[in-house]
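User: I would like a close look at one part of this structure, with its surroundings built up around it. Please keep it brisk.

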Amino acid sequence: MRNLTAAALLLIATLVSAASMEPSPGAALDARLKKLETELRCLVCQNQTLADSNADLADDLRREVRELAISGKSDDEIKAYLVARYGDFVLYNPPVKPTTWLLWFGPFVLAIGGVGLWWLILRRRAKMAAADTTAAQARGRKLLEDDASGA
Amino acid sequence: MTPFRWSIPLAIFVVLVAFLWIGLGRDPREVPSPLIGKPAPAFRLGKLHAPNETLAPSDLKGKVWLLNVWASWCVSCRVEHPLLVQLAKANIVPVYGLDYKDDPQAGRDWLAKNGDPYTASIVDRDGRVGIDYGVYGVPETFLIDKSGTIRYKQIGPITPEALQEKILPLVRELQQ
């Protein structure tokens, strides 16, 4: 009897550990939520993503996101749901639209402007250097000529 | 040539100072709400002092009202609370309270101690209505017009300036 109980317990333990080893059906969902949460901002601690934040509101929003995902909403629909409530700020990647053009394209405009300015300065310097050289050569030639005629 | 030489650094400097100056004057915690000009999200919640009675924004159609999100655990709610009590006494605009993520008993005790400016408070125990209203920092206050549209949102405590210069003039205008 004791052996039987022990065997039953062992069997149960093995089954339980085997079950916990199997990838749970929620694993795909968890991975998806994890990714989605890194793209959403926690509004309380503004420089943290929803995935990183321990704030109470972040907990609630994670719960909300999970429920929306389970109810079959796509990532874009979930984002739209949060944007409707909290604004674009909730997205870590701000959307490209007229009010964010400066944000998205400003750095490129600055970089192109900088390269342009650099090129202009280089060109001007080259011209000035060339002019200097020409002037120096002319001066040198004149000295030589003076020397030759003086001799 | 010479004026051009220093005008570029000067222009860059002026632009930079202007940007930094504007940036200093802004509060990064104040995120503009996308809900302004939109209908107040629907809910139907039990009242704090009468759990069997419920309140929904649609019950208040035709009235201009304030929805103040508060909680007994909220520290900065204490800052604005005397102002709300005063406002309630002046009887200009009804203030409804949304007791956000709070224990109802703690909420009732808090109001008993600090004064109850609310025509009624409703209980949002799990914060779901808060999410619908885009609440991220209690206290927050919404001004809702007769048609049930959100017209203004105050994030953080109501200051006397905000009340006198923004909220009350808008209330009067909307009550016309």
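In which loop of chain B is B:P139 found? Start there, then take me through the strand that follows and its setting.

Analyst: This is a predicted model, and everything below is computed from it. B:P139 is found in the loop between α4 (128-132) and β6 of chain B. Its peptide bond stands out. The bond from B:V138 to B:P139 is cis, with omega near 0°. Most peptide bonds are trans.

Now the strand itself. β6 of chain B covers residues 140-144. Is it enclosed or open? Five of the five residues of β6(B) are buried, so the strand is largely enclosed by the rest of the structure. The cut-off matters here: buried means that 20 or more other C-beta atoms lie within 10 Å of the residue's own.

The side chains of β6(B) go two ways. B:E140, B:F142 and B:I144 point one way. B:T141 and B:L143 point the other way, and these residues, too, are buried. In a regular strand the side chains alternate between the two faces of the sheet.

Next, the partners. On one side is β3(B), residues 65-70. Five bridges join β3(B) to β6(B), and the two strands run antiparallel. Two facing pairs help to find the register. B:N68 stands opposite B:T141. B:W65 stands opposite B:I144.

The other partner is β7(B). β6(B) and β7(B) also pair in the antiparallel sense, over five bridges. Here B:L143 stands opposite B:Y152 of β7(B). The two strands form a hairpin with five residues between them. In that hairpin B:G148 takes a positive phi near 85°.

Step back to the whole sheet. Five strands of chain B form an open sheet in the order β5-β4-β3-β6-β7, with mixed pairing. β5 (120-124) and β7 (150-155) stand at the edges, each with a single partner strand, so one side of each is left without a neighbour in the sheet. Neighbouring strands are turned by 20° against each other on average, direction ignored. Strands of a sheet pair through backbone hydrogen bonds, either parallel or antiparallel.

One helix links back to this sheet through β3 and β4. The buried residues of α2(B) pack against β3, β4 and α3 of chain B. They are B:C77, B:E80, B:H81, B:L84 and B:L87. α2(B) has 14 residues and reaches 20 Å from its first C-alpha to its last, close to the 20 Å expected at 1.5 Å a residue.

What comes after the helix? α2(B) is followed by B:N91, whose phi is positive, near 60°. B:N91 lies in the loop between α2 (77-90) and β4 (95-100) of chain B. It is not a glycine. Most residues other than glycine have a negative phi. B:N91 is exposed, because 7 other C-beta atoms lie within 10 Å, and 12 or fewer counts as exposed.

The loop after β4 holds another such residue. B:K101 has a positive phi of about 50° although it is not a glycine. Its place is in the loop between β4 and α3 (104-114) of chain B. Its burial is the opposite of exposed: B:K101 is buried, with 21 other C-beta atoms within 10 Å.

Now the chain as a whole. Chain B has five helices and seven strands. From the N terminus on, its elements run α-β-β-β-α-β-α-β-α-β-β-α. The C-alpha trace spans about 80 × 35 × 30 Å along its principal axes. The radius of gyration of chain B is 21 Å, where a compact globule of 176 residues would have one near 16 Å. Buried residues make up 33% of its 176 residues. Among the contacts in chain B with a separation of 6 or more, 72% come from residues 24 or more positions apart.

Last, the other chain. 13 residues of chain A are in contact with 11 residues of chain B. On the chain A side, the elements that give two or more residues are α3 (56-70) and α4 (75-86) of chain A. That side divides into eight nonpolar, two polar and three charged residues.

To return to the start: a cis bond leads into B:P139, in the loop before β6(B). β6(B) itself then sits between β3 and β7 in the sheet order.

Methods:
Residues numbered from 1 in each chain as written. Chains lettered and ligands numbered in written order. Predicted model: local features only at pLDDT ≥ 70, side-chain atom pairs only at ≥ 80, totals over all residues. Pairing = 2+ DSSP bridges. Helix = DSSP H or I, 4+ residues; strand = E, 2+ residues; numbered from the N terminus. Axes fitted to C-alpha atoms, helices over the stretch in contact; angles between N-to-C directions. Contact = placed C-beta atoms within 7 Å. Nonpolar A, V, L, I, M, F, W, Y, C, P; charged D, E, K, R; others polar. Rg over C-alpha atoms; globule rule 2.2 N^0.38 Å. Expected span 1.5 Å × (residues − 1).
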